[in-house]
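Dear colleague,

I am handing over the structure we spoke about, and it is placed directly below. Please open it alongside this message, since the notes after it refer to individual residues and elements.

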Amino acid sequence: MLLTSDVSPLLHKRLSITIQNNEGFYYLQDGRQHKTGFGTSSTTTVAFVSCLLIALNRVGCVLDTTLTPSIPPSQDDLKRIASIATQAHQQAQHKSGSGYDITTGVYGSCVFEMRRDRTPFSMPAGLSLLLSQGGAKSSSTPELVKRMQSWKKDALWETYRRNNESLIDALTKRDCAALHALFLEKLDVMYAISSASGCAIVPSELYPVLKETMAIPGVVGCAVAGAGGFDSFYALVDATCDIKAVEKRWQRDGYSISTVVEDDCGMTIR
């Protein structure tokens with residue numbers, strides 16, 4: 001899986017590795033376990049690669065018995081982890097995806113551009129995320145990407161690109177009024193792309209859920225996470241938002257608010 005000199009001592013060995021994620025990575029519905037679709041595969045890859053490199057003494061980071069870094073990773077360590085984790089993730093996903101989810105898993109929140117790499121970024125004060133779980137469905141990122149690559153990109157992509165740039169600017173300026181309008185535009189553009197390409201990045205079943213969530217006072221934005229499809233969606237809310245109103249709307253379609261919350265470490269499972 002990791003064809004690099006950093007793990008060459010293992011290449012002649014056949015390894016069988018079992019990874020057990022925290023229960024918060026998944027949710028139970030109808031007696032079955034479903035992934036949330038909010039960075040579960042990428043963060044698992046980052047964690048596995050980090051542990052492998054630490055075990056092989058290929059990075060300077062050292063963990064104590066509580067798995068807390070007694071010697072934190074250097075920038076060179078992070079760069080090595082990100083590089084190898086990206087290789088592994090792309091191989092597992094048949095070379096699809098930009099790698100931004102791996103990058104954020106290693107470095108934290110950032111604005112990611114393929115040609116400029118990354119710029120550190122933090123969530124504006126006073127805003128928080130609500131993540132969904134439920135629906136008993138999940139989507140295959142490689143399959144979504146494959147379908148999108150076969151679709152002829154048109155003017156909708158330029159609209160989407162401009163919308164993304166404006167969203168970053170509005171987040172930086174903490175302009176909630178502008179953010180709400182831009183998230184409404186983003187939702188409609190992504191739904192239009194879904195309809196034109198047949199990729200269901202914003203599925204028709206989820207579109208009214210997101211649209212009606214956007215109408216709840218205090219909701220700044222709402223969108224499907226990651227590559228889209230039937231994975232988690234999120235709402236960006238301010239302090240005035242009635243969380244119970246959001247949950248009530250989501251429950252009508254079989255969704256609930258996840259126990260995953262943001263803190264100084266990123267996203268944490270309660």
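What follows is a description of two helix pairs and two residues.

Please keep in mind throughout that this is a predicted model.

Two packed helices are described by the angle between their axes and the distance between the axes, and I have set out both pairs in that way. For helix H5 (residues 155-173) and helix H6 (residues 176-197), the angle is about 155° and the axes lie 10 Å apart. Because angles over 145 degrees count as roughly antiparallel, H5 is roughly antiparallel to H6, and the crossing of these helices is left-handed. On the H5 side the contact includes Leu156, Tyr160, Leu167 and Leu171, among others, while on the H6 side the residues include Leu179, Leu182, Phe183, Val189 and Ile193. Sorted by class, the contact of H5 with H6 comprises 14 nonpolar, four polar and two charged residues.

The other pair is helix H1 (residues 40-55) and helix H3 (residues 100-107), whose axes come within 9 Å and cross at roughly 55°. That angle makes H1 oblique to H3, and the crossing of H1 and H3 is right-handed. H1 contributes Ser42, Thr45 and Val46, which meet Asp101, Ile102, Gly105 and Val106 in H3. By class, this contact of H1 with H3 has three nonpolar, three polar and one charged residues.

Turning to single residues, Leu236 is found in strand E9. Leu236 has a relative accessible area of 3% and is therefore buried, the cut-off for that term being under 20%. Once its neighbours within four places in sequence are left aside, the residues in contact with Leu236 include Met123, Leu127, Leu129, Val219 and Val220, and also Leu171 and Phe183, of which Leu171 belongs to the H5 side and Phe183 to the H6 side of the helix contact described above. Leu236 and Phe183 are 53 residues apart along the chain, and their C-alpha atoms are separated by 9.7 Å.

Ser232 lies in the loop between strand E8 (219-224) and strand E9 (233-238). Is Ser232 buried or exposed? Its relative accessibility is 3%, so Ser232 counts as buried. As for its polar partner, the side chain of Ser232 reaches the backbone oxygen of Ser132 at 3.0 Å.

With best wishes

How values were computed. Residues numbered from 1 in each chain as written. Predicted model: local features only at pLDDT ≥ 70, side-chain atom pairs only at ≥ 80, totals over all residues. Heavy atoms only, no water. Axes fitted to C-alpha atoms, helices over the stretch in contact; angles between N-to-C directions. Helix = DSSP H or I, 4+ residues; strand = E, 2+ residues; numbered from the N terminus. Parallel < 35°, antiparallel > 145°, perpendicular 65-115°, else oblique. Left-handed = near helix turned anticlockwise from the far one by under 90°. Contact = heavy atoms within 4.5 Å. Nonpolar A, V, L, I, M, F, W, Y, C, P; charged D, E, K, R; others polar. Buried < 20%, exposed > 50% of the residue type's maximum accessible area, 1.4 Å probe, protein only. Polar contact = N/O pair within 3.5 Å; in protein donor to acceptor, adjacent residues only side chain to side chain.
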